[in-house]
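Here is a short round of questions and answers on a structure. Keep the sequence and the 3D view open as you read.

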Amino acid sequence: MAKWLASLGRIGLFQWRVLRATDLRRGQLGDIARQLYTVGARSLPIVAVGGLFVGLVISLQGYRALETIGAGSALGTAIGIPLYRELGPVLAAILFCGRAGSSMAAELGLMRATDQITALSMMAIDPIGKVVAPRWLAAFISVPLLTAVFCAFAILGGYLQAVWALGIDAGFFWSSLQNSVDLAEDFGQCFVKAGFFGVATALVSTYVGYHAEPTIEGTSIATTRSVVHGSLMVLFLDFLLTATLY
Amino acid sequence: MNFKLELTVGAFIVMGFACALVLAFASTNSADRLGFGGGTYEVVARFSNTGELKPRAPVKIAGVKVGEVSELTLDPDRFEAVAKLRISHEAGELPADTSAGIFTSGLLGERYIGLMPGGDPQALADGDEIVLTQSAVVLEQLIGKYLFGGAEGGAGSNP
């Protein structure tokens, strides 16, 4: 118990140091832009394709269920509500964990293993401000943006499946979406969750990477941990947020 | 190289925001939330029973949505439900003797308020009250009345 509390405290302190070290004036913007490119922009393909297929699949399965009660035209509802409330933010964050969180952790772990982090502090450069904070911020900014892209492609996939393959009228599709999805309750929930997941994935992957054992094995453990713990964290937080906020 | 990187990052950020914006307009009820075109005005209607009417339920004339229920409160003196209806000016001027009723879309669908315009030359203005109202039909009460009405009368004397 005490050990568990101590590790929670370490994570909290680490987060505090990252926030303290965030200072956009001292050339950090360039670092953040570079990280936004590697972490965010390069995750776009997998997130877009993932979203497209999720949309195609919920459309098919939702139609299968709705058709038994003759309500196939309400398919927009069956896609919109679960997508915005759960699937969009959760799956985008988990895909982000696998695609970008792992690479951040591996990079930081390798920097630790090859003593680059020690070298930075020898040169009186705060390693947290130089290597951790830009990655943390880039991940925090990227997750909500990627969630939006994921949802857009999922709706597109659902639309294509519903209108082209299942033969549902496009007007029914959009009107059932607009009638059932509430701007604040459902759409807003999507981005509140994405914000929390951004913090969680950013924190987990930078923390495990920065604190990796300085060996080759340590780096590989850190990479695995960033994906496993990051995804579990996202799922756990999702339950917590759904249970408390909505 | 540096310019290309910045360009990609910029495109990424713009794409994210554009996706969120398009989704908000195309797939949510943002049009209702952000108000109707041409401005709105509010009228009040009193009902003895609103059924499962909820705030933000649609207000329709001839099946076309012209507004929504903005507020639903209880009048503590008369124990009547007071519904404030926000109606778009685009619906034209409603006669002062317009009546309001609470209906259900479909057998199990959501409740909405239907307005039936009358023939009064005077128009409803902001803050006016719709006097002619018809309460919601509660299915359980109807069934209950039918069942117990039949039991009270005994066999052979059904009302």
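The questions below concern a predicted model.

Q: Which element gives the most residues to the side of chain A that touches chain B?
A: In this contact, 23 residues of chain A meet 19 residues of chain B. Four helices of chain A give two or more residues each to that side: α2 (28-40), α6 (127-165), α7 (170-180) and α8 (183-210). With seven residues, the top contributor is α6(A).

Q: How many residues on the side of chain A that touches chain B are nonpolar?
A: Sorted by class, two residues on that side are charged and four are polar. The nonpolar residues number 17.

Q: Where does α6(A) bend?
A: α6(A) has 39 residues and spans 53 Å from first C-alpha to last, close to the expected 57 Å. The helix still bends, by about 35°. A proline, P134(A), follows within four residues of the bend, which is at A133(A).

Q: Is α6(A) mostly covered or mostly uncovered, and how many of its residues are buried?
A: A residue is buried if 20 or more other C-beta atoms lie within 10 Å of its own. By that test α6(A) is mostly covered. Of its 39 residues, the number buried is 31.

Q: Which residue with a positive phi follows α6(A)?
A: The phi in question is near 75°. The residue that follows the helix with this value is G167(A).

Q: Which helix supplies the largest share of the largest nonpolar core?
A: This core holds 81 residues, and A92(A), A93(A), V149(A), F150(A) and C151(A) touch the most other members. Several helices of chain A supply at least two residues each, including α3 (44-67), α4 (75-113) and α9 (216-245), and so does α1 (2-27) of chain B. The largest share is 22 residues, and it comes from α6(A).

Q: Which residues does A93(A) contact, leaving aside its neighbours within four places in sequence?
A: A93(A) is one of the core residues that touch the most other members. Beyond its sequence neighbours, its contacts are V143(A), F197(A), T201(A) and V234(A).

Q: What is the order of the strands in the open sheet of chain B?
A: Chain B has three helices and eight strands. Along the chain, the elements run α-α-β-β-β-β-β-β-β-β-α. In the sheet, the edge strands are β7 (129-130) and β8 (132-134), each paired on one side only. The pairing is mixed, and the order is β7-β1-β4-β3-β2-β6-β5-β8.

Q: Which residue is the bridge partner of R46(B) in β4(B)?
A: Strands β1 (residues 40-47) and β4 (residues 80-88) of chain B run antiparallel and are joined by eight bridges. R46(B) has its partner in β4(B), and that partner is V82(B).

Q: Which residue of β6(B) stands opposite K60(B)?
A: Strand β2 (residues 58-61) of chain B pairs with β6 (residues 111-116) in the parallel sense, over three bridges. Strand β5 (residues 99-104) of chain B is joined to β6(B) by six bridges and runs antiparallel to it. In that second pairing, G101(B) has G114(B) as its bridge partner. The residue opposite K60(B) is G114(B).

Q: What percentage of the residues in chain B are buried?
A: Among contacts in chain B between residues at least 6 apart in sequence, 63% join residues at least 24 apart. Burial is a separate count, taken over the 159 residues of the chain. The buried share is 21%.

Definitions and conventions. Residues numbered from 1 in each chain as written. Chains lettered and ligands numbered in written order. Predicted model: local features only at pLDDT ≥ 70, side-chain atom pairs only at ≥ 80, totals over all residues. Contact = placed C-beta atoms within 7 Å. Nonpolar A, V, L, I, M, F, W, Y, C, P; charged D, E, K, R; others polar. Pairing = 2+ DSSP bridges. Core = buried A, V, L, I, M, F, W, Y, C linked by C-beta atoms within 7 Å. Buried ≥ 20, exposed ≤ 12 C-beta atoms within 10 Å, placed from the backbone. Expected span 1.5 Å × (residues − 1). Bend = angle between axes of the 7 residues up to and from the residue.
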